[in-house]
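Please look over the sequence and the model together before reading on. The paragraphs below go from single residues to the whole chain and back to a group of rings.

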Amino acid sequence: MIYEFIKNHETIYPIEKMCKVLSIGLRSYYDWKSRGVSGRKLKAIAIQEEIKT
């Protein structure tokens, strides 16, 4: 996902510039970042952990 890409690279490139290049609103990115992990993502993580054990 584009937002995850921005989050993973925010220490390398300016967030504002990445949002502009990727045609993402800066506010949209910060809204996404403040939401936290979704229920679907938590379930996927739990399944992955179960498979590992």
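A residue counts as buried when its relative accessible area is under 20%, as exposed when that area is over 50%, and as partly exposed in between. With a relative accessibility of 34%, K33 therefore counts as partly exposed. K33 belongs to helix 3, and its C-alpha atom is separated by 19 Å from that of K43, a residue ten places away along the chain. The model in which these values were computed is a predicted one, and this should be kept in mind throughout.

With that scale in hand, the chain as a whole can be described. The protein chain has four helices and zero strands, so that, read from the N terminus, the order of its elements is α-α-α-α. For 53 residues, a compact globule would be expected to have a radius of gyration near 10 Å, whereas the protein chain has 14 Å. Along the principal axes, the C-alpha atoms fill a box of roughly 40 × 20 × 15 Å. Of the 53 residues, 15% count as buried, and the protein chain exposes about 4,600 Å², of which carbon and sulfur atoms supply 56%. When contacts between residues at least 6 apart in sequence are considered, 23% of them join residues at least 24 apart. As for charge, the protein chain carries 10 positive and 6 negative charges, and the mean positions of the two groups are 4 Å apart.

Which residues does Y3 touch, once its neighbours within four places in sequence are left aside? They are I24, S28, Y29 and W32. Y3 itself is found in helix 1, and because its relative accessibility is 18%, it counts as buried. The search of the whole structure for aromatic pairs finds four of them. In one of these, Y3 and Y29 form a tilted pair, with 6.4 Å from centre to centre and 40° between the planes. Since Y3 lies in helix 1 (residues 2-9) and Y29 in helix 3 (residues 26-35), this pair ties together parts that are 26 residues apart in sequence. Y29 is buried, as Y3 is, and ring pairs link Y3, Y29, Y30 and W32 into a cluster.

Two separations across the chain can be set beside this picture. Y3 and T53, which are 50 residues apart in sequence, lie 30 Å apart in space, C-alpha to C-alpha. H9, which also lies in helix 1, has its C-alpha atom 28 Å from that of K52, and these two residues are 43 apart along the chain. At 23% relative accessibility, H9 counts as partly exposed.

The last stop is a loop residue, S23, found between helix 2 (15-21) and helix 3. What is its phi value near? The phi of S23 is near 55°, which is positive although the residue is not glycine. Most residues other than glycine have a negative phi. S23 has a relative accessibility of 66%, and therefore counts as exposed.

Key: Residues are numbered from 1 along each chain as its sequence is written. This is a predicted model: local features need pLDDT of at least 70, side-chain atom pairs count only at pLDDT 80 or more; totals for chains, interfaces and linings use all residues. Side-chain values use heavy atoms; hydrogens and water are left out. Helices (H or I, at least four residues) and strands (E, at least two) are DSSP runs, numbered from the N terminus. The radius of gyration is taken over C-alpha atoms; the globule rule is 2.2 Å times the number of residues to the power 0.38. Buried means under 20% relative accessible area, exposed over 50%, partly exposed in between (1.4 Å probe, protein chains only). Contact means heavy atoms within 4.5 Å. Accessible areas come from the Shrake-Rupley method with a 1.4 Å probe; for residues, only the protein chains shown count as cover. Lys and Arg count as positive and Asp and Glu as negative; His and the chain ends are not counted. The place of a charge is taken as NZ of Lys, CZ of Arg, CG of Asp or CD of Glu. Rings of Phe, Tyr and Trp (its six-membered ring) pair if their centres lie within 6.5 Å; planes under 30 degrees apart count as stacked, over 60 as edge-to-face and the rest as tilted.
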